[in-house]
Amino acid sequence: ELNRRLSPFWRFYWNDAPGGKVLVGERSVELTPDVVILVPPFTLFSARLEKGPVNQFFIHFTTGDFPAGVARREYVFSAEPWIGQLTEESTNLGRFEIRMYAILYELLLQIPEEHGDAPASDGLDPRLKQAMTLMNTLPRSECDNAELSRKVGMSLSHFSHLFREQLGVTPQHYLAGQLMERAFYLLTDPTISIPEIAERLGFANRYHFSAFFKQHTKQSPGAWRKANLPLH
């Protein structure tokens, strides 16, 4: 299912009302207004909305190798110190981004040191990690299986087989999930037009993008945008 996620980025979640949850393995954590949640890179999880309306504050980000070897699990923190900054409207994007990174690094420093002693390897073939990073950054047109396998130095058949064996989904199914997530993120910015979003994601035009989006959400991008106004 597209809701299962595994990516090379950290994820940060905060919801302004109850109704959502994050599931990691057998664990389920309610996304309530009094908590914020971090999910490390290459952690298989899903985020669900079971009732609404809810505004979700979501960031995916990278930190290089810090903190090294962090355990693949969810990290839950009190939202109380950060709610004012999360809900504050800002017209200065640069200052807003700096403020958000300050919050994110403060939360990372709160992860117990013993959770940073996980084995360096999480069992994923490094070539698959490279392919996943490419799928999270390259346009859709450059992410067919043949091109991805060539970029990571694998045969097409071995790449497709190993990807499904280790991740449980095909490369193109994983790609569809990442494209949808990037689409959701871009649609929450009202200054970016739908034709521009289609171009950024590598679709030939807005109509191909709209058909793809509607296939997975039963809504057009415009209708989804109207129903999911941004928090800031």
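This section describes the confidence, nonpolar cores, a helix H4 contact and a buried strand of the protein. The structure is a predicted model. Its mean pLDDT is 83. Of its residues, 87% reach 70 or more. Among the elements, helix H4 (residues 145-151) has the highest mean pLDDT, at 95. Strand S1 (residues 4-5) has the lowest, at 62.

The largest nonpolar core contains 35 residues. Within this core, the most contacts are made by Met135, Phe159, Phe163, Leu201 and Phe209. Five helices each give two or more residues to the core: H3 (126-135), H5 (156-167), H6 (171-187), H7 (194-201) and H8 (206-217). The most come from H6, which gives eight residues. Phe163 illustrates the packing. Leaving aside residues up to four places away in sequence, Phe163 touches Leu128, Met132 and Met135. On the same count, Phe163 also touches Gly168, Val169, Thr170, Pro171 and Tyr174. A second core is separate from this one and has 21 residues. Trp14, Tyr75, Ile103 and Leu104 are included in the second core.

Asn145 lies in helix H4. The side chain of Asn145 makes a polar contact of 2.8 Å with the side chain of Gln172. Gln172 is also one of the residues that Asn145 touches when those up to four places away in sequence are not counted. The others are Leu156, Phe159, Ser160 and Pro171. Two residues thus link this site to the account of the core: Phe159 ranks among the core residues with the most contacts, and Pro171 is touched by Phe163 as well as by Asn145.

Strand S3 (residues 20-24) was examined next. Five of its five residues are buried, so S3 is largely enclosed by the rest of the structure. The burial extends to both faces of S3. Gly20, Val22 and Val24 lie on one side, and Lys21 and Leu23 on the other. S3 pairs with two strands described here, S4 and S6. The pairing with S4 (residues 27-31) is antiparallel and runs over five bridges. In this pairing, Val22 stands opposite Val29. S3 and S4 form a hairpin, with two residues between the strands. Gly25 in the turn has a positive phi of about 60°. The pairing with S6 (residues 45-49) is also antiparallel, over five bridges. Here Val24 stands opposite Phe45 of S6.

Methods
Residues are numbered from 1 along each chain as its sequence is written. This is a predicted model: local features need pLDDT of at least 70, side-chain atom pairs count only at pLDDT 80 or more; totals for chains, interfaces and linings use all residues. Side-chain values use heavy atoms; hydrogens and water are left out. A nonpolar core is a set of buried Ala, Val, Leu, Ile, Met, Phe, Trp, Tyr and Cys residues joined through side-chain atoms within 4.5 Å. Buried means under 20% relative accessible area, exposed over 50%, partly exposed in between (1.4 Å probe, protein chains only). Helices (H or I, at least four residues) and strands (E, at least two) are DSSP runs, numbered from the N terminus. Contact means heavy atoms within 4.5 Å. pLDDT is the predictor's confidence in each residue, from 0 to 100. A polar contact is a pair of N or O atoms within 3.5 Å; within protein, one must be able to donate a hydrogen and the other to accept it, and residues adjacent in sequence count only if both atoms are side-chain atoms. Two strands pair if DSSP finds at least two bridges between them.
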